[in-house]
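Here are a few exercises to work through with the model open in your viewer. Try each one yourself before you read its solution.

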Amino acid sequence: MSNPAESGFPGLQLPIAPDRRRNDRVVTRLAMHIFSVDGTSVFYPAVCTNLSRGGIGFETAERLEVGKVIEFEFVKVVDESVRYWVKILFRDDNRYGGYYVNDDGTDIRPSN
């Protein structure tokens, strides 16, 4: 008796979307604090999961909206704190990705 789950069709190979990143990512687990969302003061703990010269990936239990600008700093990485601003580009459950922007939310990426 044949297996009804088997078919005569070969396995389907789906195309993989090309990686559009311009900068290499570094996988990490850096603690960070989010201090504002679109200029509104908050204090949310988060973890940076990867970063590059162009942006970061991070996780937080807080729900953030795509398109918002967050202000954050890494926890205890250097003696003097440095704040960064990121515009959130995507959200997948509690994982986020974004690209660096100026403190007023304007794009710092070079135009094509």
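**Exercise 1. Find the nonpolar surface patch and decide whether Val78 is buried or exposed.**

Keep in mind that you're looking at a predicted model.

Step 1. Look for Val77, Val78, Val82 and Tyr84, which together make a nonpolar surface patch of about 320 Å².

Step 2. Place Val78 in the fold: this residue sits in the loop between S4 and S5.

Step 3. Check the accessibility. Val78 comes out at 54%, and the cut-off for exposed is over 50%, so Val78 counts as exposed.

**Exercise 2. Describe the overall fold: how many helices and strands are there, and what share of the residues is buried?**

Step 1. Count the elements. The protein has six strands and zero helices.

Step 2. Read them off from the N terminus, and you get β-β-β-β-β-β.

Step 3. Turn to burial: 29% of the 112 residues count as buried.

Step 4. Now the surface. About 8,600 Å² is exposed, and carbon and sulfur atoms supply 50% of that.

Step 5. Finish with the contacts. Take those between residues at least 6 apart in sequence; 43% of them join residues at least 24 apart.

**Exercise 3. Work out which residues touch the most other members of the largest nonpolar core, and which strands supply it.**

Step 1. A general point to start: in soluble globular proteins, nonpolar side chains tend to be buried together.

Step 2. Here, the largest nonpolar core holds 16 residues, and those touching the most other members are Met32, Ile34, Ile56, Phe58, Leu64, Ile70 and Phe72.

Step 3. Trace the core back to the strands. At least two of its residues come from each of S1 (26-37), S2 (40-51), S3, S4, S5 (84-92) and S6 (95-100).

Step 4. Zoom in on Ile34. Leaving out residues up to four places away in sequence, Ile34 touches Val42, Phe43, Tyr44, Ala46, Phe58, Leu64, Ile70, Glu71 and Phe72.

**Exercise 4. Go through the salt bridges and ask which partners are buried, partly exposed or exposed.**

Step 1. Get the total: the whole structure has five salt bridges. We'll take three of them in turn, bearing in mind that side chains of opposite charge can pair when their charged atoms come close.

Step 2. Start with Arg29 and Glu59, whose side chains meet at 3.9 Å, N to O. This pair links distant parts of the chain, with Arg29 in strand S1 and Glu59 in strand S3, 30 residues apart. Arg29 is exposed at 58% relative accessible area, while Glu59 is partly exposed at 24%.

Step 3. Next come Glu71 and Arg83, which form a salt bridge at 3.3 Å, N to O. Glu71 belongs to strand S4 and Arg83 to the loop between S4 and S5, so the pair ties together parts twelve residues apart in sequence. At 16% relative accessible area, Glu71 is under the 20% cut-off and so counts as buried. Arg83 is partly exposed, at 35%.

Step 4. Then take Arg95 and Asp92, whose salt bridge has an N to O distance of 2.8 Å. Both ends are partly exposed: Arg95 at 41% and Asp92 at 39%.

Step 5. Look for shared partners. Glu71, Glu73 and Arg83 are joined into one network by salt bridges that share partners.

**Exercise 5. Compare Thr60 and Arg63: where does each lie, and is each buried or exposed?**

Step 1. Locate them. Thr60 lies in the loop between strand S3 (55-59) and strand S4 (69-74), and Arg63 is also in the loop between S3 and S4.

Step 2. Check burial. Thr60 is buried, with a relative accessible area of 4%, whereas Arg63 is exposed at 66%.

Step 3. List what Thr60 meets. Beyond neighbours within four places in sequence, Thr60 is in contact with Tyr44, Pro45, Ala46, Asn94 and Tyr96. A polar atom of the Thr60 side chain lies 2.9 Å from the backbone oxygen of Pro45.

Step 4. Do likewise for Arg63. Not counting residues up to four places away in sequence, Arg63 touches Arg91 and Tyr96.

Step 5. Add the C-alpha check: Arg63 and Asn94 are 7.1 Å apart in space, C-alpha to C-alpha, though 31 residues apart in sequence.

Notes:
Residues are numbered from 1 along each chain as its sequence is written. This is a predicted model: local features need pLDDT of at least 70, side-chain atom pairs count only at pLDDT 80 or more; totals for chains, interfaces and linings use all residues. Side-chain values use heavy atoms; hydrogens and water are left out. Helices (H or I, at least four residues) and strands (E, at least two) are DSSP runs, numbered from the N terminus. Buried means under 20% relative accessible area, exposed over 50%, partly exposed in between (1.4 Å probe, protein chains only). A polar contact is a pair of N or O atoms within 3.5 Å; within protein, one must be able to donate a hydrogen and the other to accept it, and residues adjacent in sequence count only if both atoms are side-chain atoms. Contact means heavy atoms within 4.5 Å. A nonpolar core is a set of buried Ala, Val, Leu, Ile, Met, Phe, Trp, Tyr and Cys residues joined through side-chain atoms within 4.5 Å. Patches are made of residues with over 30% relative accessible area and no salt bridge: like charges are joined within 9 Å, nonpolar side chains (Val, Leu, Ile, Met, Phe, Trp, Tyr) within 5 Å. Accessible areas come from the Shrake-Rupley method with a 1.4 Å probe; for residues, only the protein chains shown count as cover. A salt bridge is a side-chain nitrogen of Lys or Arg within 4 Å of a carboxyl oxygen of Asp or Glu.
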